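Welcome, and thanks for taking a look at this one. Here are a few notes to read alongside the picture.

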Amino acid sequence: AVDDLMLLRAIESGAVTDDDMPPSLSDILADRETHDWLVPGLFERTDRLILTGFEGTGKSFLLAQMALCIAAGINPFLGFPSHEPSRVLVIDCENSRRQTQRRYRRIAQEVEKLTVSNNMASPDWSKQMRFVIRPEGVALNEPRQVQRIERNIRAVNPDLVIVGPLYRMHTLDTKDE
């Protein structure tokens, strides 16, 4: 109540103008709604998703499926063509190249079958999918490592970046808040 009274006095004295007022819900709803879809109805460009779960529950498998489907132009949950093929960069801070190969080979074969059954062009994995494989982790609290990742992102210019796991992306003690 005191803050409201102070704001009212400031408005009355001219210290605060209508331009200082944040938008109301009515203002926001009056704006024309637009989307910049990566996957129509699912992901907009600049959206962020954090996926959490216990070890062994399929997080990495799900992210690989999403990466490959989005790269191929397929909705990753419905299995039908939904958008133009996209460039995807996966920054894997945990798995080796061999582990990555095993996981992605299996899923890529299934995605390729989906493209055939949907009369789509086969994905050009050399253009659609790129990997930064760092099983030793990436210390994002170290400027040189951040610069290296930024260079990778600039070089690929991806539509989607999948990165993780979070606990392998710093050199801090995980017990510290």
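**Notes around helix 4**

1. A good place to start in this predicted model is helix 4, which covers residues 97–117. Its 21 residues reach 30 Å from the first C-alpha to the last, close to the 30 Å expected at 1.5 Å a residue. Just after helix 4, Asn119 has a positive phi of about 55°.

2. Which residues of helix 4 are buried? They are Thr100, Tyr104, Ile107, Ala108, Val111 and Thr115. Their cover includes two helices, helix 3 (59–72) and helix 5 (125–128), along with strand 3 (88–92) and strand 4 (129–133).

3. Do look at the rings, too: the structure holds one aromatic pair. Tyr104 and Phe131 meet edge-to-face, with 4.8 Å centre to centre and 80° between the planes. This pair links distant parts of the chain, since Tyr104 sits in helix 4 and Phe131 in strand 4, 27 residues apart.

4. The two partners are covered to differing degrees. Tyr104 counts as buried because its relative accessible area is 10%, under the 20% cut-off. Phe131, at 31%, is partly exposed.

5. Stepping back, the protein has six helices and five strands. From the N terminus on, they run α-α-β-β-α-β-α-α-β-α-β.

6. Some totals to finish: of the 177 residues in the protein, 29% are buried. Among contacts between residues at least 6 apart in sequence, 66% join residues at least 24 apart. The accessible surface comes to about 12,800 Å², and 52% of that belongs to carbon and sulfur atoms.

Technical notes. Residues are numbered from 1 along each chain as its sequence is written. This is a predicted model: local features need pLDDT of at least 70, side-chain atom pairs count only at pLDDT 80 or more; totals for chains, interfaces and linings use all residues. Side-chain values use heavy atoms; hydrogens and water are left out. Helices (H or I, at least four residues) and strands (E, at least two) are DSSP runs, numbered from the N terminus. The expected span of a helix is 1.5 Å times one less than its number of residues. Buried means under 20% relative accessible area, exposed over 50%, partly exposed in between (1.4 Å probe, protein chains only). Contact means heavy atoms within 4.5 Å. Rings of Phe, Tyr and Trp (its six-membered ring) pair if their centres lie within 6.5 Å; planes under 30 degrees apart count as stacked, over 60 as edge-to-face and the rest as tilted. Accessible areas come from the Shrake-Rupley method with a 1.4 Å probe; for residues, only the protein chains shown count as cover.
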